[in-house]
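Work through the exercises below with the structure open beside you. Try each task before you read its solution.

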Amino acid sequence: MVLQLMKFMLGQKVNMTRVFDAEGKNIAVTVVKILPSSVSAIKTADKDGYSAIQIKSVKEKGKKEVDLKITEFRIENADQYKVGQNLEVDLVAGESVAVQGVTKGKGFAGTIKRHGFKRGPESHGGNNVREPGSIGAQQPQRVVKGRRMAGHMGATVITVQNLKVVDIDKETILISGAIPGNNGAILRIYSK
């Protein structure tokens, strides 16, 4: 199989730590394990209406390989790739990247935690301390769409842009700043 250099990759968040640059300045970094990836499908503009490649990363579980993540990257030159082709990362230190991941799930949360609402009065018989207050008006006689209320918080796809690659080797990459997701979360990393 032929190796192809790429400007996108799959990674797995390991943890956060800090490193010091040449001037002794402290830099907060996220350690990301580089997942070996291969092309699993090719989408072309003629057949599918858009140009993209589908890549997958596998891990060994016992004696067989199990698909860890299958994802799609839209690119202009999808016809340059072949199904089954192993991909190699072509990022360098100092390069700017965007990282996409799923944020930590927080479960059901009230309006104070979810939207930063203020608390109600606690003295003189106040009994609406952590309640949202009025949710409607006289007109229209319904709850308007988009009203900020209690509900499911977190577990959404977030893309953080303009993060710098601090250091990279064959197995790990150090990216400055915080990246969404728990330790062990699968990440999509793009370079511009």
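Start with a charged pair. Arg119 is partly exposed, with a relative accessible area of 44%. Keep in mind that this is a predicted model.

**Exercise 1. Classify the partners of a salt bridge.**
Task: Find the side chain that meets Arg119 in a salt bridge, and decide whether that partner is buried or exposed.

Solution.
- Step 1. Look for the partner. Arg119 meets Glu122 in a salt bridge, at 2.1 Å from N to O.
- Step 2. Check the distance. A salt bridge needs the nitrogen within 4 Å of a carboxyl oxygen, and 2.1 Å passes.
- Step 3. Classify Glu122. Its relative accessibility is 56%. The cut-off for exposed is over 50%, so Glu122 counts as exposed.
- Step 4. Classify Arg119 again. Partly exposed lies between 20% and 50%, and Arg119 has 44%.

**Exercise 2. Find what the other salt bridge ties together.**
Task: The structure holds two salt bridges. Which residue pairs with Lys43, and which strands does the pair link?

Solution.
- Step 1. Name the pair. Lys43 forms a salt bridge with Glu72, and the closest N and O atoms are 3.8 Å apart.
- Step 2. Place each residue. Lys43 lies in strand E4 (residues 37–43), and Glu72 lies in strand E6 (residues 64–74).
- Step 3. Draw the conclusion. The residues are 29 apart in sequence, so the pair ties together separate parts of the chain.
- Step 4. Check exposure. Glu72 is partly exposed, at 22% relative accessible area.
- Step 5. Recall the general idea. Side chains of opposite charge can pair when their charged atoms come close.

**Exercise 3. Trace the strand pairing.**
Task: The chain has two helices and 13 strands. Which strands pair with E13 (residues 186–191), and in which direction do they run?

Solution.
- Step 1. Take strand E2 (residues 8–20). Five bridges join E2 to E13, and the two run antiparallel. Leu10 stands opposite Arg188 in E13.
- Step 2. Take strand E8 (residues 96–102). Four bridges join E8 to E13, again antiparallel. Ala98 stands opposite Tyr190.
- Step 3. Go on from E2. Nine bridges join E2 to E3, which run antiparallel. The bridge partner of Lys13 in E3 is Val32.
- Step 4. Look at the turn. E2 and E3 form a hairpin with five residues between them. Gly24 in this turn has a positive phi of about 85 degrees.
- Step 5. Go on from E3. Five bridges join E3 to E12, which run antiparallel. Thr30 stands opposite Ile175 in E12.

**Exercise 4. Describe the nonpolar cores.**
Task: How many residues does the largest nonpolar core have, and which strands supply at least two residues each?

Solution.
- Step 1. Count. The largest core has 13 residues. Those with the most contacts inside it include Val32, Val97, Ile175 and Ile189.
- Step 2. Find the strands. E3 (26–34), E8, E11 (157–168), E12 (172–176) and E13 each supply at least two residues of this core.
- Step 3. Look for another core. Apart from this one lies a core of eleven residues, among them Ile53, Ile55, Phe73 and Ile75.
- Step 4. Zoom in on Val97. Among the residues Val97 touches are Leu91, Val160, Leu163, Ile175 and Ile189.
- Step 5. Recall the general idea. In soluble globular proteins, nonpolar side chains tend to be buried together.

**Exercise 5. Compare two polar residues.**
Task: Is Ser176 buried or exposed? Where is Thr44 found?

Solution.
- Step 1. Place Ser176. Its place is in strand E12.
- Step 2. Apply the cut-off. Buried means under 20%. Ser176 has 17%, so Ser176 is buried.
- Step 3. List some contacts. Ser176 is in contact with residues including Ile27, Ala28, Val29 and Leu163.
- Step 4. Place Thr44. Thr44 is found in the loop between E4 and helix H1 (45–48). Thr44 is partly exposed, at 29%.

**Exercise 6. Judge the overall form.**
Task: What is the radius of gyration of the chain, and what would a compact globule of 192 residues have?

Solution.
- Step 1. Read both values. The chain has 23 Å, but a compact globule would have a value near 16 Å.
- Step 2. Look at the box. The C-alpha atoms fill roughly 75 × 55 × 35 Å along the principal axes.
- Step 3. Check one long span. The C-alpha atoms of Thr44 and Pro121 are separated by 61 Å.
- Step 4. Check burial. Buried residues make up 28% of the 192 residues.

Note on methods:
Residues are numbered from 1 along each chain as its sequence is written. This is a predicted model: local features need pLDDT of at least 70, side-chain atom pairs count only at pLDDT 80 or more; totals for chains, interfaces and linings use all residues. Side-chain values use heavy atoms; hydrogens and water are left out. Two strands pair if DSSP finds at least two bridges between them. A nonpolar core is a set of buried Ala, Val, Leu, Ile, Met, Phe, Trp, Tyr and Cys residues joined through side-chain atoms within 4.5 Å. Buried means under 20% relative accessible area, exposed over 50%, partly exposed in between (1.4 Å probe, protein chains only). Contact means heavy atoms within 4.5 Å. The radius of gyration is taken over C-alpha atoms; the globule rule is 2.2 Å times the number of residues to the power 0.38. Lists of a residue's contacts leave out its neighbours within four places in sequence.
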